[in-house]
Amino acid sequence: MKKIAAVLALLASIGLASGAELLNVSYDPTRELYTEYNAAFAKYWKSKTGQDVTVNQSHGGSGKQARSVLDGLEADVVTLALAYDIDALAEKKLLPDDWQKAFPENSSPYTSTIVFLVRKGNPKGIKDWDDLAKPGIAVITPNPKTSGGARWNYLGAWAYAEQKLNKDEAKVKDFIGKIYKNAPVLDSGARGATTTFVQRGLGDVLIAWENEAYLALKEFGPEKFEIVTPSISILAEPPVAVVDVVAKRHKTEDLAKAYLNYLYSEEGQDIAGKNFYRPRDPKVAAKYASQFGKVSLVTIDDVFGGWKKAQATHFADGGTFDQIYAK
Amino acid sequence: MKRRILPGFRLTLGYSVIYLTLIVLIPFVALTARAFNGTWAHVWGVVTSHRLIVSYQLSFGTALVASLINGVFGFITAWVLTRYRFPGRRVIDSLIDLPFALPTAVAGIALTALYAPNGWVGAPLAKLGIAVAFNRLGILIALVFIGFPFVVRTLQPVLAALTNDVEEAAALLGASRFQTFRRVIFPAALPALITGITLSFGRAVGEYGSVVFISGNIPFKTEITPLLIIAKLEQYDYQGAAGIGLVMLLASFLILAFVNAIQWWNTRRFNSSSL
């Protein structure tokens with residue numbers, strides 16, 4: 001990924017010496033979104049300033065992408081799956097600690113949530129998180145240790161259990177443990193889990209990003225799968241940020257800022273909605289409201305006290321996830 | 001000091017040392033430096049945790065079994081390919097290299113599709129109650145797949161170089177066919193066989209790409225050590241990851257040293273008893 005991006009960047013810099021250039025380092029499921037958005041932004045920028053702009057994309061697992069940037073991939077902007085991965089960049093002083101205040105809405109121009117993908121007709125009658133903890137249900141979800149998306153899944157289940165079980169931590173842990181005991185496979189990434197469920201035919205339910213679930217539905221046909229939206233889920237806020245140090249060096253600060261800001265414009269929001277992300281803009285959101293299921297969403301800040309804390313409590317070594325498997 | 005007859009010793013040795021330093025030694029030093037960059041206690045705690053110990057057993061254990069399986073079937077394959085002439089021999093011969101050439105992720109996806117409970121091979125096996133994919137057996141199959149060419153390719157030239165006259169001499173001296181194989185052919189091929197098995201083992205221990213697809217990655221059950229390195233990296237724990245890497249490196253180094261010692265002992269024994 002890194003190499004490809006580097007080669008692309010190099011090629012582009014030779015061919016388009018006159019135009020400006022950006023490298024957007026993103027995560028896996030945004031590929032289609034940014035392909036469409038980059039074209040729209042280039043058009044907008046040209047009409048506004050007369051300057052040609054090429055936006056190069058790099059996609060991969062969110063954590064791996066962040067590490068590439070840490071190790072020197074020259075990303076002007078990052079658009080990752082979770083704030084934790086951008087926090088890691090801030091820790092190395094690539095951008096300021098309060099980066100999440102640089103753009104509106106926690107620097108998350110679009111949101112998503114966690115839903116279930118089940119087989120057509122929902123033969124196991126899965127309606128909510130508690131159905132996943134029942135014996136005899138095979139749950140497909142990736143490994144939270146290696147997948148950012150899987151961490152949202154885990155926290156979604158946790159948020160549900162906490163409300164349902166009146167914050168009794170022992171009971172919540174037991175509930176989560178039951179769900180993960182039902183997982184025959186823990187793929188290393190979100191796309192891998194989708195493959196396991198869709199292509200290998202394994203499992204009764206896939207816990208997935210809402211946008212991934214709709215994409216899978218679009219790709220493999222609604223005659224095979226359907227989406228179940230749980231009563232409570234977590235508001236996934238995939239954040240965006242300008243990598244200040246790199247942008248300064250490339251002298252692309254203004255362009256990078258405009259690029260991310262345009263995500264909040266009506267056109268940007270519309271593209272997000274078209275790609276099954278939930279738009280922030282109320283007007284655009286209303287337009288796409290009918291395509292999403294009704295769900296009450298909780299935020300990571302409210303329930304878990306932010307990503308840093310959630311990571312330390314649940315996914316660090318010895319955290320609640322490890323405790324499920326520890327004897 | 002005796003003057004060497006062959007010129008260019010210093011030049012070529014110099015090149016070799018510099019090259020090895022650049023390609024092997026510097027990355028190794030960087031790895032070590034990264035592991036010792038933090039507190040000892042942290043790295044030690046990581047590499048000795050129960051989860052890691054279980055994964056070492058899995059990674060090294062399955063790699064060992066896989067390389068032994070490859071030893072047996074690789075020997076037979078190399079034997080067939082060098083000893084007999086038959087139609088399609090060249091095709092088979094070129095197929096051997098496929099696991100070398102295939103990106104490991106592709107191998108992993110292909111094997112998983114085949115051995116998953118709804119796959120061509122997996123479905124009938126699942127009816128018999130045998131789970132291959134997302135199980136230890138699946139890991140074993142992936143490791144056998146990627147390690148196979150090493151055994152065949154190291155054995156082939158050795159078996160091809162064994163001339164008929166040695167076997168004829170054995171037969172003339174009254175050896176049965178089995179005796180000829182056991183006492184003449186096998187000892188000559190043994191060093192190459194051990195090398196092949198060792199290479200196959202070394203490759204299997206560190207294999208990541210193909211295994212993660214088929215293993216299922218269940219903690220304490222099917223987590224290979226390289227997966228835990230990735231898990232550490234996902235937590236931005238570079239020291240822990242480097243520490244695990246170092247443990248794997250040292251273990252592999254010890255195993256290689258041990259195998260080399262056997263080789264050395266075997267060559268000496270073989271040479272002194274037969275010549």
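In this predicted model, the lining of the largest cavity draws its largest share, four residues, from strand 6 of chain A. This cavity has a volume of about 60 Å³, and it belongs to a set of four cavities of 30 Å³ or more that the structure holds. Its wall is made up of A:Pro142, A:Gly149, A:Ala150, A:Asn153, A:Ala190, A:Ala193, A:Thr194, A:Leu206, A:Ile207, A:Ala208, A:Trp209 and A:Glu212. Besides strand 6 (205-209), helix 7 and helix 9 of chain A each give two or more residues to this lining. When the lining residues are sorted by character, eight are nonpolar, three are polar and one is charged.

Turning from cavities to pockets, the largest pocket has a volume of about 800 Å³. It is lined by 30 residues, and those closest to its centre are A:Asp28, A:Gly60, A:Gly61, A:Ser188 and A:Gly189. Both chains contribute to the lining of this pocket, for at least two residues come from each of helix 3 (62-70), helix 7 (148-164) and helix 9 (190-198) of chain A, and likewise from each of helix 11 (211-215) and helix 12 (225-234) of chain B. Among the contributors, helix 3 of chain A gives the most, with four residues. Helix 7 and helix 9 of chain A thus appear in the lining of the largest pocket as well as in that of the largest cavity. The lining of the largest pocket divides into ten nonpolar, 13 polar and seven charged residues.

The second largest pocket has a volume of about 390 Å³. Of the 17 residues that line it, A:Tyr84, A:Glu91, B:Gln235, B:Tyr236 and B:Asp237 lie nearest its centre, so that residues of both chains are found there. At least two lining residues are supplied by each of helix 4 (83-91) and helix 16 (307-315) of chain A and helix 13 (238-274) of chain B, and the largest share, four residues, is that of helix 4 of chain A. The composition of this lining is seven nonpolar, four polar and six charged residues.Within chain B, two domains are distinguished, namely domain 1 (1-35) and domain 2 (40-274), and their centres, taken over C-alpha atoms, are separated by 29 Å. The contact between them involves five residues of domain 1 of chain B and eight residues of domain 2 of chain B. Together, these two domains bury about 580 Å² between them, with 82% of this area on carbon and sulfur atoms. On the side of domain 1 of chain B, the residues that lose the most area to domain 2 are B:Leu31, B:Arg34 and B:Ala35, which together account for 79% of what that side buries. Across this interface, zero salt bridges are found.

Over all chains, by contrast, the count comes to 27 salt bridges. One of these joins the side chains of A:Arg280 and A:Glu105, with a distance of 3.7 Å from N to O. Because A:Arg280 lies in the loop between strand 10 (278-279) and helix 14 (282-288) of chain A, whereas A:Glu105 lies in helix 5 (residues 104-107) of chain A, the pair ties together parts that are 175 residues apart in sequence.

Note on methods. Residues are numbered from 1 along each chain as its sequence is written. Chains are lettered from A and ligands numbered from 1 in the order in which they are written. This is a predicted model: local features need pLDDT of at least 70, side-chain atom pairs count only at pLDDT 80 or more; totals for chains, interfaces and linings use all residues. Side-chain values use heavy atoms; hydrogens and water are left out. On a 1 Å grid over the protein atoms alone, a cavity is a set of points where a 1.4 Å probe fits but cannot get out, and a pocket is an open set with protein on both sides within 12 Å along at least five of seven lines; lining residues have an atom within 4 Å of a point. Grid points are joined across faces, edges and corners, and a volume is the space filled by probe spheres set on the points. Ala, Val, Leu, Ile, Met, Phe, Trp, Tyr, Cys and Pro count as nonpolar, Asp, Glu, Lys and Arg as charged, and the others, Gly among them, as polar. Domain bounds come from an automatic or database domain assignment. Contact means heavy atoms within 4.5 Å. Buried area is the accessible area (1.4 Å probe) that two parts lose on being put together, summed over both. A salt bridge is a side-chain nitrogen of Lys or Arg within 4 Å of a carboxyl oxygen of Asp or Glu.
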